[in-house]
Amino acid sequence: MNYFLTGTGTGVGKTYVASLLIRAGRNAGLDTVGMKPVCTGDRSDAEALHQACDGVISINTVNPVWYRTPAAPYTAAVVENRPVDLALIRDTFRQLRAAHRSLIVEGVGGWLVPIERNYFVADLAAEMAPPVVVVVHNRLGAINHTLLTVREIERYGVPFAGYILNEADPIEDVAGVTNREILTDLLGQPPLWTVAQGATTLNHENH
């Protein structure tokens, strides 16, 4: 199980889903670990992945590049006058892939968040080359954001593995009730999994 997780935006539940995937892999007997190449702001995302990995790798291996500025990596790098160390990210990724059978990589923000001026999360995912899974927050606007993200993934020529619907909030409107059905119709496939707030396991949709 090797995936690169991106999202339809910031705060859609990528870390929550990544942690569930890591734990599911480890519970299934895989040596699954997680990687968050870049963190900005606090380091809670990396800490959650580190905990999900049962601490078998160091926090600095989970997250090789960390900025305190809560912004896109390119913005944070400019503010802190410290370029993103892509060589360190690449080397850490290679070491993890060589040492572990299963790796979940969590991107930062959405698909086109800039890491450098002309280098985006999409470029990093294309370099790493695992299938991409999109985490979708089930709310108004999810259809547009999901279709834009999936089309960009396809334009980059990166394998699209599917999407995970995160029902983090109570479903109280028409969009929340119908998004799963409409996305299934428009994308030609149901979600790989759905997750709900407080869930400790993944709910398989089509497996």
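The legends below describe views of a predicted model of one protein chain.

**Figure 1. Overall fold of the protein chain.** The predicted chain contains eight helices and eleven strands. Its radius of gyration is 16 Å, close to the 17 Å given by the globule rule for 207 residues, so the chain is as compact as a globular protein of that length. The C-alpha trace spans about 45 × 40 × 30 Å along its principal axes.

**Figure 2. Burial and contacts in the protein chain.** Of the 207 residues, 50% count as buried. When contacts between residues at least 6 apart in sequence are considered, 72% join residues at least 24 apart.

**Figure 3. Surface and charges of the protein chain.** The exposed area is about 9,500 Å², and carbon and sulfur atoms supply 51% of it. The chain carries 16 positive and 21 negative charges. The mean positions of these two sets of charges are 6 Å apart.

**Figure 4. Surroundings of Cys-39 and Cys-53.** The structure holds zero disulfides. A disulfide is a covalent bond between the sulfur atoms of two cysteines. For Cys-39, the closest cysteine sulfur is that of Cys-53, and the distance of 13 Å is too far for a bond. Seen from Cys-53, the closest cysteine sulfur is in Cys-39, again at 13 Å. The cut-off for a disulfide is a pair of cysteine sulfur atoms within 2.5 Å, so a pair at 13 Å does not qualify. Cys-39 has a relative accessibility of 2% and therefore counts as buried. Cys-53 is also buried, because its relative accessible area is 0%.

**Figure 5. The loop at Asn-81.** Asn-81 is located in the loop between helix H4 (73–80) and helix H5 (86–99). The phi angle of Asn-81 is positive, at about 55 degrees, although this residue is not a glycine. With 70% relative accessibility, Asn-81 counts as exposed, because the cut-off for that class is over 50%.

**Figure 6. The loop at Ala-129.** Ala-129 belongs to the loop between helix H6 (121–128) and strand E8 (132–137). Ala-129 is not a glycine, yet it has a positive phi of about 70 degrees. Its relative accessibility is 45%, so Ala-129 counts as partly exposed. That class lies between buried, under 20%, and exposed, over 50%.

Definitions and conventions:
Residues are numbered from 1 along each chain as its sequence is written. This is a predicted model: local features need pLDDT of at least 70, side-chain atom pairs count only at pLDDT 80 or more; totals for chains, interfaces and linings use all residues. Side-chain values use heavy atoms; hydrogens and water are left out. Helices (H or I, at least four residues) and strands (E, at least two) are DSSP runs, numbered from the N terminus. The radius of gyration is taken over C-alpha atoms; the globule rule is 2.2 Å times the number of residues to the power 0.38. Buried means under 20% relative accessible area, exposed over 50%, partly exposed in between (1.4 Å probe, protein chains only). Contact means heavy atoms within 4.5 Å. Accessible areas come from the Shrake-Rupley method with a 1.4 Å probe; for residues, only the protein chains shown count as cover. Lys and Arg count as positive and Asp and Glu as negative; His and the chain ends are not counted. The place of a charge is taken as NZ of Lys, CZ of Arg, CG of Asp or CD of Glu.
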